[in-house]
Every structure is written in structure tokens, then in C-alpha cells.
Amino acid sequence: MLRMMRFLMQFPGFERLRLERLQPEAGVRETYRIVGETKVSVGDYTSRRVFADGVGYSFYPIDLHDERGIRPWPLKQGTVATIPLGALIPKGSRDVMVAGRCISSDRLANSASALAAKGSVTLAEILKALRQHGAITPA
């Protein structure tokens, strides 16, 4: 970190560069999320909403990270949320799918597969491919 700062301070505009905060671990907590065809809310997540186009499950508890530290919000025993295909598709896009933290969700729901398509892929085909790779998918 210090080596990078020293390097940057050589360039105009970076002379007064200062380090204000340093985390003990590498990783980005608050990343970008898409606006998808479907948006998963914290209510969807905590109520175990079963989306008709569900392609997977999420088992992760809600854990809000902020300047005061981590505020965990454990899910009720047996709560398993579904991940809808629509939350992986950027609204209005064609032939694009995302995976990971960038899915369409609100901040709390997010605190918790890529298929190359030559043409259109049906939900059934996606679920079949996921199962062939050992994924646990909604029925």
C-alpha cells in the first residue's frame, strides 16, 4: 500500500494523497449491483420466496458491514432463499447474464454460473446444466 502511495504521489494531483483507512483483510464488501429484470429484496430473502424462475439457492445469513463493524442478522432455521434467473439478467439486455455479488438485489439481500449461450437458453436448460455440475437447484 505504501509503495503504491509513494508511486502515485509523484504525479500532479496526488501530492497530498493520504491514507484514511486500512482494512485488515483484502476484499470488497460493497460492490456494484445490476438493475435486473427481477430485484430480490430483503423481504424476499428472509421470507423464503420461491421465484418461478429460480435457478439456485442462497444459504448465507444477512451480515451488514458498516463503520460500526459487522451487524449479523441470522436467518430463521430452515430459511433458504431462491435466486431467480431474472436477477442475473440486466434489465433490457440481450445475451448477457451476471453471477455473484452483482445480482439484482437490495443491499441487505445482497449481503448474502456462467453459461455461454449461442442462442436463447431456456430455464430448463440452465437448470439441467447446473445439476450436471452438481448444483442444488430449485425443482
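Is Asp 44 buried or exposed? I shall begin there, and then place that residue within the rest of the chain. Please bear in mind throughout that the model is predicted.

With a relative accessibility of 14%, Asp 44 is counted as buried, because the limit for that class is under 20%. The side chain of Asp 44 has a charged partner: Asp 44 and Arg 49 form a salt bridge, in which the closest N and O atoms are 3.3 Å apart. Arg 49 is in another class of exposure, for its relative accessible area is 40%, and Arg 49 is therefore partly exposed. As a general point, side chains of opposite charge can pair when their charged atoms come close. How many salt bridges does the count give for this model? The count comes to one salt bridge.

Let me now turn to the overall architecture. The protein contains four helices and four strands. In sequence order the pattern reads α-α-β-β-β-β-α-α. The protein has 139 residues, and buried residues account for 29% of them. The exposed area of the protein is about 10300 Å², and 57% of that area is supplied by carbon and sulfur atoms.

I come next to the strands, beginning with β1 and β4. Strand β1, residues 54-58, pairs with β4 in the antiparallel sense, and four bridges connect the two. Within this pairing, Tyr 57 stands opposite Thr 82 of β4. Strand β4 itself covers residues 81-84. Which residues of β4 point which way? Ala 81 and Ile 83 point one way, while Thr 82 and Pro 84 point the other way, and all of these residues are buried. Thr 82, the residue opposite Tyr 57, is thus among the buried residues of this strand.

The other pairing involves β2 and β3. Strand β2 spans residues 62-66 and strand β3 spans residues 69-73; the two run antiparallel and are joined by five bridges. His 65 has Ile 70 in β3 as its bridge partner. The connection from β2 to β3 is a hairpin through two residues.

Let us move to the aromatic residues in the N-terminal part of the numbering. How many aromatic pairs does a search of the whole structure find? The search finds one aromatic pair. The pair consists of Phe 7 and Phe 11, whose ring centres are 5.2 Å apart and whose planes meet at 70 degrees, so the arrangement is edge-to-face. The angle decides the matter here, because planes over 60 degrees apart count as edge-to-face. Phe 7 is partly exposed, with 43% relative accessibility. Phe 11 is likewise counted as partly exposed, at 37%. Phe 11 is located in the loop between α1, residues 2-8, and α2, residues 42-46. Both rings also belong to a nonpolar surface patch: Met 4, Phe 7, Phe 11 and Phe 14 together make a patch of about 390 Å².

The loop between α1 and α2 also holds Val 35. Val 35 has a relative accessible area of 63% and is exposed. Which residues does Val 35 contact, leaving aside its neighbours within four places in sequence? The contacts are with Ile 89, Pro 90, Lys 91 and Ser 104. The C-alpha atoms of Val 35 and Gly 92 are 9.5 Å apart, although 57 residues separate the two along the chain.

We may look at this contact from the side of Ile 89, which lies in the loop between β4 and α3. Ile 89 has 22% relative accessibility and is counted as partly exposed. Not counting residues up to four places away in sequence, Ile 89 touches Ile 34, Val 35, Gly 36, Glu 37 and Val 96. For Gly 36, the C-alpha to C-alpha distance from Ile 89 is 5.3 Å, across 53 residues of sequence.

Finally, Gly 100 is also placed in the loop between β4 and α3, where α3 covers residues 107-110. Gly 100 counts as exposed, at 51% relative accessibility. Its C-alpha atom is 8.8 Å from that of Leu 88, and the two residues are 12 apart in sequence.

To close, I return to the opening residue: Asp 44 is buried, and its salt-bridge partner is Arg 49.

Technical notes:
Residues numbered from 1 in each chain as written. Predicted model: local features only at pLDDT ≥ 70, side-chain atom pairs only at ≥ 80, totals over all residues. Heavy atoms only, no water. Patch = residues over 30% accessible without salt bridge, like charges linked within 9 Å, V, L, I, M, F, W, Y side chains within 5 Å. Areas by Shrake-Rupley, 256 points an atom, 1.4 Å probe, with all protein chains shown as cover. Salt bridge = Lys/Arg side-chain N within 4 Å of Asp/Glu carboxyl O. Buried < 20%, exposed > 50% of the residue type's maximum accessible area, 1.4 Å probe, protein only. Pairing = 2+ DSSP bridges. Phe/Tyr/Trp six-rings, centres within 6.5 Å; stacked < 30°, edge-to-face > 60°. Contact = heavy atoms within 4.5 Å.
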